[in-house]
Amino acid sequence: MNAPAPGTARTLVAGVGNIFLGDDGFGVETVRRLTPDRLPPHVDVADVGIRGVHLAYQLLDGWDTLVLVDVTARGGEPGTLYVIDASEPAERAATTGTPPLDGHRMTPDAVLALLDTLCAGTGATPPRRILLVGCEPACLDEGIGLSPQVAAAVPEAVRTVTELVRQEAVV
């Protein structure tokens, strides 16, 4: 982990997705391209992949900001990028019942619901800011590699994440 200056907010950038399901590998590919020398020292980057339960527990360690990077189907053109603020539990997609603990199906919504449950049970505090940098997928079929539209969006996603974490340092 980087050593942030005293009083600096700690930020975790987490790439989420399954590289064996086409565009679902967007988050993993984007964080792979983030270069540490371009990020502030208070930022850690993690390739979470399909380990959503691990991410939820990792977030109990006192992060100020979480930036999730994942595919996000919202009905736009494939390759469209979205920045979604999911800081308030009411802003997150509703999850009924207990969050699923199937490590292969832990969507960001399920991870955040599990985090809320863990925080309620342990007294821990979730990150004060939770942002999702999402990309509209073209294909989520079995296979390795991003579609041309999503692959073309990765450099802009890297720039977006870099800008977001720099802004969080001064918020």
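Me: At 21% relative accessibility, which class does Arg 129 count in?
Reply: The model is predicted, so local features need pLDDT of at least 70, side-chain atom pairs count only at pLDDT 80 or more, and totals for chains, interfaces and linings use all residues. Residues are numbered from 1 along each chain as its sequence is written, while side-chain values use heavy atoms and leave out hydrogens and water. Buried means under 20% relative accessible area, exposed over 50% and partly exposed in between, with a 1.4 Å probe and protein chains only. With its 21%, Arg 129 therefore counts as partly exposed.

Me: Which residue forms a salt bridge with Arg 129?
Reply: A salt bridge is a side-chain nitrogen of Lys or Arg within 4 Å of a carboxyl oxygen of Asp or Glu. The closest N and O atoms of the pair with Arg 129 are 3.4 Å apart, and the partner is Asp 85.

Me: How many residues apart are Asp 85 and Arg 129?
Reply: Helices (H or I, at least four residues) and strands (E, at least two) are DSSP runs, numbered from the N terminus. Asp 85 belongs to strand β4 (residues 81–85) and Arg 129 to strand β5 (residues 129–135), and the pair links distant parts of the chain, with a separation of 44 residues.

Me: Which class fits Asp 85, buried, partly exposed or exposed?
Reply: The relative accessible area of Asp 85 is 34%. Because of this value, Asp 85 is partly exposed.

Me: Which residues are joined into one network by salt bridges that share partners?
Reply: Glu 29 meets Arg 32 in a salt bridge with an N to O distance of 2.6 Å, and Glu 29 also forms a salt bridge with Arg 33, where the closest N and O atoms are 2.8 Å apart. The residues of this network are Glu 29, Arg 32 and Arg 33.

Me: Why are Glu 29 and Arg 32 separated by about one helical turn?
Reply: Both residues lie in helix α1. The separation is about one helical turn because, along this helix, Glu 29 and Arg 32 are apart by three residues.

Me: Which class fits Glu 29, buried or exposed?
Reply: Arg 32 is exposed, with a relative accessible area of 57%, and Arg 33 counts as partly exposed at 37%. Glu 29 has a relative accessible area of 17%, so this residue is buried.

Me: At what distance from the ring centre of Trp 63 does Arg 10 lie?
Reply: A charge sits over a ring if NZ of Lys or CZ of Arg is within 6 Å of the ring centre and within 35 degrees of the ring normal. Arg 10 lies over the face of Trp 63, and its distance from the ring centre is 3.9 Å.
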